[in-house]
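These are my notebook entries on a structure that I examined one part at a time. I recorded what I looked up and what I found.

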Amino acid sequence: MKTPLISGLLTLFLLSVISAQEVTYEEYDLDNGLHVILHQDNNAPVVTTSVMYHVGAKDENPEKTGFAHFFEHLLFEGTQNIERGEWFKIVSSNGGRNNANTTQDRTYYYEVFPSNNLELGLWMESERMMHPIINKIGVDTQSEVVQEERRMRYDNSPYGRWREQMFIHLFKKHPYRWQTIGSLEHLANASLEDFKLFNKKYYVPNNAVLVVAGDIDREKTKKMIEDYYGPIPKGEEIQRQTFVEDPITSTIKAEYHDPNIQIPAILLGYRTPAQTNRDAYVLDMISTYLSDGKSSKLYKKLVDDEKKALQVFAFNGSQEDYGAYVVGALPVGETSLEDLKSEIDGEIEKIKTELISEKDYQKLQNKFENQFVNSNSSITGIANSLARNYMLYDDTSLINNEIDIYRSITREEIMEVSKKYLNTNQRVELNYLPEEATAN
Amino acid sequence: MKRLFITLVLGLIAFNVQAQIDRSKIPTPGPAPEINLSEPLHYEMNNGLKVLVVENHKLPRVSIQLLIDNPPVIEGDKAGVSSLTAALLGQGSKSIPKDDFNEEVDFLGARISFGSQSAFAGSLSKYFPRIFELMADSAINPNFTEEEFEKEKQKILTSLKTEEKDVSAISNRVSNALAYGTSHPYGEFVTAESVQNVTLQDVIRFYEDYFVPANAYLVIIGDVDFEQVKGLVEEYFTPWTKAVPPSFQFSKPSNAQYTQINFVDVPNAVQSEVVVENLVDLKMKDEDYLAAILANKILGGGAQARLFLNLREDKAYTYGSYSSIGNDKYAPSTFTASAQVRNMVTDSTVVEILKEIDKIVKTPVTDEELKDAKAKYVGNFVLALERPETIARYALNIETEGLPKDYYKTYLERLNAVTKEDVQKAAQKYMNIDSVRVVVTGKGSEVLENLEKVTFNGKKIPVKFYDKFAKATEKTSY
């Protein structure tokens with residue numbers, strides 16, 4: 001067996017050029033402000049129609065949280081031309097699938113159909129945008145369904161509340177301090193009028209992007225889009241509030257007891273800048289450097305060599321206004337959370353004081369190249385990226401160019417950004433613990 | 001590449017040539033798309049390894065999958081030996097130390113992972129030959145060491161602890177154990193004691209017995225050239241020694257004798273897991289396979305199905321309720337219908353799920369339901385064409401499930417021919433309303449009282465009690 005010729009191969013890799021297929025697309029606005037992006041790919045008879053609305057949990061009134069996610073449910077209840085209970089049936093009986101998801105920044109609805117049902121997909125999303133039915137029976141039903149969703153995802157699931165607990169401490173003023181599921185109490189107390197107003201304000205063409213991707217004929221598609229979406233009235237201009245957090249200057253220590261766990265976890269969370277900020281991309285690379293793959297620094301040290309951790313993970317959650325970089329670990333055997341914390345700190349200290357090696361830098365570049373090629377592997381994935389890049393980054397072309405940003409990041413920047421954000425006095429230290437044993 | 005072009009008529013062909021749209025009507029579909037089903041290139045090596053290659057040059061990447069289709073294995077008092085084997089594979093090879101191996105795989109931006117009888121790798125096409133070599137070397141010449149063994153053992157013991165209070169994990173374990181019995185490969189489970197019983201020698205023996213080429217398939221998909229693949233396979237898989245896995249008998253599991261509730265008390269639960277289950281003898285090659293999956297689709301196969309519409313959209317008991325029907329050529333599989341519901345409605349959920357099963361067994365489905373369910377499968381078939389792995393999967397199924405060569409070419413035609421009567425017969429055969437097990441995992445102090453009052457079709461349903469490890473136990477008093 002040959003031994004790996006890493007140093008020899010290195011120069012070769014530096015010269016290599018990415019040959020991933022470029023994603024072509026066309027974009028324009030309708031008169032009512034709806035932004036449209038078309039991506040044609042006739043390789044398979046499949047089409048995705050999707051709408052992203054620029055509304056998420058951060059647009060909610062602090063006294064009425066959970067609305068955006070609630071609408072993700074409510075807007076399947078029916079429209080003037082689609083009866084209650086028919087939505088899923090129409091999709092399924094035409095051979096399609098559909099779903100929706102909500103983040104703190106945006107809500108995304110989509111259908112995937114065999115391409116001869118393109119018009120159906122366009123019609124359904126236009127119905128949802130034009131005249132959804134928001135009534136008592138729908139609100140009452142979905143309010144209970146959402147309670148079950150919360151129980152399932154948060155209250156009955158081991159480690160289900162780590163994100164919620166971390167964000168409560170990372171954000172004091174910004175709406176990122178609550179989760180998309182929101183408060184069940186707020187939802188229960190909301191009136192039908194509250195929901196109607198929320199709909200009228202945010203679910204309008206001038207706050208949305210429509211993406212049609214896959215096996216389409218662009219001219220015919222444009223005509224259908226004009227027919228179905230053109231008549232939808234423009235909504236009022238949306239005024240958005242801005243929220244500026246005070247910097248964290250001394251360590252915030254927090255603790256949470258989860259009745260569903262036996263093994264504790266340590267979570268260290270840093271508040272990071274908006275996802276469009278170059279530093280956010282640098283933090284992606286730092287996150288990969290520390291914990292992605294078996295040769296990554298934290299995995300190798302804590303899990304592999306010293307066998308102190310069952311698992312090490314890092315999460316660089318970039319969002320529109322701020323992000324959160326969270327690194328955490330679960331101990332093996334007798335290892336204490338303090339011990340894990342100081343081990344993690346040791347590795348973080350290193351990136352702040354020394355440049356990462358040339359070889360590790362090249363490894364990062366190779367990983368991001370691989371990720372980039374894989375990110376455009378399905379039509380549904382491409383549709384989602386186009387919508388996100390347009391709406392949240394204001395740059396649709398990132399679908400082809402984002403890799404250039406990672407390529408341009410230097411080792412020096414990795415050190416600088418680590419120094420700027422990854423300081424112990426700027427973070428939340430969350431001890432996520434089993435429920436204390438009760439005398440019994 | 002050998003290509004087969006088939007044009008299939010998917011439904012009504014309709015042209016909508018109106019100038020004005022009428023948004024009060026559902027748009028009609030355009031002409032059915034043409035379906036092209038190609039076949040992977042394949043050949044077999046002398047050691048028994050079968051190789052399937054799907055060339056697809058859309059993106060510069062390749063995936064490599066090694067699957068070993070052995071019959072299920074009983075691990076007995078050493079349950080966990082297969083998990084440990086999986087964990088110890090891919091840790092380098094006899095000639096490449098673990099750290100160098102991990103470093104190189106990561107350096108190439110690639111992934112290599114192992115199961116106890118499988119392996120997977122993915123990389124950009126420019127690094128494919130080297131990743132192929134690394135994967136083959138670590139699969140055929142694994143590096144089993146005492147040090148790694150002890151470490152992985154600790155990790156498994158700790159992760160068993162992480163799920164001790166996990167309601168879903170408990171529900172899963174108990175429902176399989178009760179369906180199959182704990183001495184069946186599908187019913188046994190890993191415990192701290194059984195993991196402690198495993199030695200490194202056991203892992204090595206497991207590997208030598210089962211990681212053999214007789215039933216192995218190597219599937220390569222992506223930006224490759226067939227001749228190049230052939231060369232690499234010859235070079236790196238020829239040393240894999242020809243061998244057949246040992247075979248042994250295991251008990252044939254049987255269904256409950258009458259419908260019953262099997263209750264597991266988990267005091268920290270805020271939702272109950274309700275799983276209604278029975279065993280089914282169903283194989284893909286069976287005549288009534290499509291009728292059976294259509295029956296399941298109508299009952300609980302998605303957001304348009306009866307269980308979801310009843311338990312979520314009508315009653316709002318749950319975030320979702322679904323059913324599934326498995327198929328297996330080696331042993332019985334299961335039919336299950338399940339939901340996670342708030343404590344208060346646990347008993348009503350049991351009744352509603354049983355009602356839905358009873359209904360589909362006793363009353364024919366409607367024409368519309370059948371038409372819609374078929375349309376969903378037609379859609380799935382079309383949507384799957386986007387993924388290059390589909391044609392590999394079809395070829396593998398034909399080979400491993402003993403299906404006729406034209407199985408997928410005639411798939412839509414056969415799907416279309418299924419009648420309401422076929423669906424009802426399949427429901428009667430595979431959904432055993434008179435002998436289902438209803439496994440409820442939840443907080444006894446809040447749900448048990450009502451659960452013990454559940455009656456169905458005029459009969460009281462007896463409740464039996466089990467602990468978190470599926471052992472019969474006494475009722476707890478609250």
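**Entry 1: Chain B as a whole**

I began with the secondary structure of chain B and found 16 helices and 16 strands. I then checked the overall form of chain B, whose radius of gyration is 25 Å. The globule rule gives 23 Å for 478 residues, so chain B is as compact as a globular protein of that length. I note here that the model is a predicted one.

I looked up the extent of chain B along its principal axes, and its C-alpha atoms fill a box of roughly 70 × 70 × 40 Å. Of the 478 residues in chain B, 44% are buried. I also looked at contacts in chain B with a separation of 6 or more, and 79% of them are between residues 24 or more positions apart.

**Entry 2: Annotated regions of chain B**

I consulted the UniProt record for chain B. An unreviewed entry there lists residues 51-167 as "domain: Peptidase M16 N-terminal". In the model, residues 51-167 of chain B are 42% helix and 21% strand. The C-alpha atoms at the two ends of this stretch are 41 Å apart.

The UniProt record, again as an unreviewed entry, lists residues 197-376 of chain B as "domain: Peptidase M16 C-terminal". For residues 197-376 of chain B I noted 40% helix and 23% strand. The end C-alpha atoms of that stretch are 48 Å apart.

**Entry 3: Helix 9 of chain B**

I next selected helix 9 of chain B, which covers residues 289-300. This helix has twelve residues, and its first and last C-alpha atoms are 16 Å apart, close to the 16 Å expected at 1.5 Å a residue.

How many of the twelve residues of helix 9 of chain B are buried? I found that eleven are, and the helix is mostly covered. The buried residues include Leu290(B), Ile293(B), Leu294(B), Ile298(B) and Leu299(B). Asn296(B) and Lys297(B) are also among them, as is Gly300(B). Just after helix 9 of chain B, I noted that Gly302(B) takes a positive phi of about 140 degrees.

**Entry 4: Chain A as a whole**

I turned to chain A, where the secondary structure comes to 16 helices and eleven strands. A compact globule of 440 residues would have a radius of gyration near 22 Å, and the 24 Å of chain A agrees with this. The C-alpha atoms of chain A fill a box of roughly 65 × 60 × 40 Å along the principal axes.

Of the 440 residues of chain A, 49% count as buried. I then considered contacts in chain A between residues at least 6 apart in sequence, and 79% of these join residues at least 24 apart.

**Entry 5: The two domains of chain A**

I recorded the division of chain A into domain 1 (26-229) and domain 2 (252-434). The C-alpha centres of these two domains of chain A lie 29 Å apart. Where they meet, 33 residues of domain 1 of chain A are in contact with 30 residues of domain 2 of chain A.

Which element gives the largest share of the side of domain 1 of chain A that touches domain 2 of chain A? I found that helix 6 of chain A does, with six residues. The elements that give two or more residues to this side also include strand 2 (35-40) and strand 3 (46-53) of chain A. By class, this side of domain 1 of chain A has 16 nonpolar, twelve polar and five charged residues.

**Entry 6: The contact between the chains**

I then listed the residues at the contact between the chains: 63 come from chain A and 65 from chain B. Among the elements of chain A that each supply at least two residues to the side touching chain B are helix 4 (118-130), helix 9 (218-229) and helix 13 (358-375). Helix 5 of chain A gives the most to this side, with eight residues. The side of chain A that touches chain B has 24 nonpolar, 26 polar and 13 charged residues.

**Entry 7: Thr288(A)**

Lastly, I examined Thr288(A), which lies in helix 10 (residues 278-291) of chain A. Is Thr288(A) buried or exposed? I found 20 other C-beta atoms within 10 Å, so Thr288(A) is buried. Leaving out residues up to four places away in sequence, Thr288(A) touches Leu364(A) and Lys367(A). I also looked up Gly235(A), which is 53 residues from Thr288(A) along the chain; their C-alpha atoms are separated by 42 Å.

How values were computed. Residues are numbered from 1 along each chain as its sequence is written. Chains are lettered from A and ligands numbered from 1 in the order in which they are written. This is a predicted model: local features need pLDDT of at least 70, side-chain atom pairs count only at pLDDT 80 or more; totals for chains, interfaces and linings use all residues. Helices (H or I, at least four residues) and strands (E, at least two) are DSSP runs, numbered from the N terminus. The radius of gyration is taken over C-alpha atoms; the globule rule is 2.2 Å times the number of residues to the power 0.38. Two residues are in contact if their C-beta atoms, placed from the backbone, lie within 7 Å. The expected span of a helix is 1.5 Å times one less than its number of residues. Domain bounds come from an automatic or database domain assignment. Ala, Val, Leu, Ile, Met, Phe, Trp, Tyr, Cys and Pro count as nonpolar, Asp, Glu, Lys and Arg as charged, and the others, Gly among them, as polar. UniProt positions are given in the numbering used here, feature names are shortened, and annotations may be inferred rather than shown by experiment.
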